[in-house]
Amino acid sequence: MSPVLNLDGVSVRRGRKLLLNDVSFHVNEDERWVILGPNGAGKTTLLQIAAARMFPSSGSVQILDETLGQVDVFDLRPLIGLCSNAVANALPARETALNAVVTAAYGVTGRWREEYERFDERRAFNLLNAWGVGTVFDRPFGTLSEGERKRVQIARALMTDPELLLLDEPGAGLDLAGREALVARTAELVSDETAPATVLVTHHLEEIPPGFTHVLLLRDGEAVAAGPMEQTLTSQNLSATFDVPLELAERGGRYSAFMAQ
Ligand SMILES: Nc1ncnc2c1ncn2[C@@H]1O[C@H](COP(=O)(O)OP(=O)(O)OP(=O)(O)O)[C@@H](O)[C@H]1O
């Protein structure tokens, strides 16, 4: 399997603070990774680099065989589907859900006067349907519930048929039913062998969908552990990552953790 993402010895410095410190992270095309860590661990920073939205202070980054710093990021970005707060905040509140998705095909967030291809609109509509939000296609994005907004954002991230899908806390702000529906739909997506290599950021074990194969545990900008889920997601590694004694529980491919007695 060919690598989709190669980060080697990546550090990010802002003033005197090291947001990432010598992190290496490798994703192959058939892998589905979770990045797990407490608030401020550097998860979003790492994802921004993987999305070609941020450059490291040192280290090397290859995304889809291109080296960051030697490629026009505007050629690279359409190949990367990104669902994040930053993208959501850039979507105009008055745009319809359909436009929020279809504009991804043109690398913009708002629809102006341009005519879009019927093919693109049909694909956007099908993606909204697949994520269970087809009925809100004509509603302004700003009036959607948090759960609906998250699904629209994922549909948008998939619009360009990306080779790398990056999901930054897609379950944040969802109620229990909304979270479970999102987890189930994401599990369905990644079980398809033609689905893109996927990286999902979260700080909640309950948000890890079944079918995710690998995990990177981050703490204070450093990798605590990285590797296949069964060997790497352990009580010991979780305790070291969150700095409290934790006991991992697994049931039917889902995870949770409790304070160790
Ligand atoms: N421009 C900046 N200057 C200084 N510190 C920054 C800057 N941007 C981010 N940070 C800090 O870097 C750390 C890592 O931030 P990041 O958003 O990557 O963490 P995270 O793991 O995604 O956190 P959360 O789970 O809370 O979203 C945080 O402590 C944050 O305050």
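# Exercises on a predicted model

The shell around the ligand is made up of two nonpolar, eight polar and three charged residues. The structure is a predicted model, and the exercises below work through its parts.

## Exercise 1: The ligand shell

Find how many residues surround the ligand, and which elements give two or more residues to the shell.

Solution.

Step 1. Count the shell: 13 residues surround the ligand. The closest of them are R14, N39, G40, T44 and T45.

Step 2. Assign residues to elements. Strand β2 (17-28) and helix α1 (43-50) are the elements that give two or more residues to the shell.

Step 3. Look for the largest share. Helix α1 supplies it, with three residues.

## Exercise 2: The sheet of four strands

Work out the order of the strands in the open sheet of four strands, and place α1 relative to them.

Solution.

Step 1. Read the order across the sheet: β2-β1-β4-β5, with antiparallel pairing.

Step 2. Identify the edges. Strands β2 and β5 (66-67) each pair on one side only.

Step 3. Examine one pair in detail. Strand β1 (residues 3-14) and strand β4 (residues 58-63) run antiparallel and are joined by five bridges. Within this pair, L7 has V61 of β4 as its bridge partner.

Step 4. Add the helix. α1 lies across β1, β2 and β4, and its angle to β2 is about 55°.

## Exercise 3: The sheet of six strands

Determine which strands stand at the edges of the open sheet of six strands, and which helix lies across β3, β9 and β10.

Solution.

Step 1. Write down the order: β6-β7-β8-β3-β9-β10, with mixed pairing.

Step 2. Find the strands with a single partner. These are β6 (80-83) and β10 (222-228), so each has one side without a neighbour in the sheet.

Step 3. Consider the twist. On average, neighbouring strands of this sheet are turned by 15° against each other, direction ignored.

Step 4. Follow the pairing at one edge. Strand β9 (residues 214-219) pairs with β10 in the antiparallel sense over six bridges. V215 stands opposite G227 in β10.

Step 5. Place the helix. Helix α9 (residues 235-242) lies across β3 (32-36), β9 and β10, at about 155° to β10.

## Exercise 4: Surroundings of M229

Is M229 buried, partly exposed or exposed, and which residues does M229 touch?

Solution.

Step 1. Locate the residue: M229 lies in helix α8 (residues 229-232).

Step 2. Use the neighbour count. M229 has 18 other C-beta atoms within 10 Å. A buried residue needs 20 or more, and an exposed one has 12 or fewer. M229 is therefore partly exposed.

Step 3. List the contacts. Leaving out residues up to four places away in sequence, M229 touches F212, T213, H214 and V215.

Step 4. Compare sequence and space. M229 and W33 are 196 residues apart in sequence, while their C-alpha atoms are 8.6 Å apart.

## Exercise 5: Positive phi angles

Find where D22 and D161 lie, and say how exposed each one is.

Solution.

Step 1. Recall the background. Most residues other than glycine have a negative phi.

Step 2. Take D22. Its phi is positive, about 55°, although D22 is not a glycine. D22 is placed in strand β2. With 14 other C-beta atoms within 10 Å, D22 is partly exposed.

Step 3. Take D161. Here too phi is positive, about 55°, and D161 is not a glycine. D161 lies in the loop between α6 (146-158) and β7 (164-168). D161 is exposed because 12 other C-beta atoms lie within 10 Å.

Step 4. Turn to a glycine. G252 takes a positive phi near 55° in the hairpin of β11 and β12, which has two residues between the strands. Strands β11 (residues 246-251) and β12 (residues 254-259) are antiparallel and pair over six bridges. R251 stands opposite R254 in β12.

## Exercise 6: The whole protein

Decide how the radius of gyration of the protein compares with the globule rule.

Solution.

Step 1. List the elements: the protein has nine helices and twelve strands.

Step 2. Make the comparison. The radius of gyration is 18 Å, close to the 18 Å that the globule rule gives for 261 residues, so the protein is as compact as a globular protein of that length.

Step 3. Add the dimensions. Along the principal axes, the C-alpha atoms fill a box of roughly 55 × 45 × 35 Å.

Step 4. Look inside. Buried residues make up 40% of the 261 residues. Among contacts between residues at least 6 apart in sequence, 61% join residues at least 24 apart.

Conventions:
Residues numbered from 1 in each chain as written. Predicted model: local features only at pLDDT ≥ 70, side-chain atom pairs only at ≥ 80, totals over all residues. Near = placed C-beta within 6 Å. Nonpolar A, V, L, I, M, F, W, Y, C, P; charged D, E, K, R; others polar. Pairing = 2+ DSSP bridges. Contact = placed C-beta atoms within 7 Å. Axes fitted to C-alpha atoms, helices over the stretch in contact; angles between N-to-C directions. Rg over C-alpha atoms; globule rule 2.2 N^0.38 Å.
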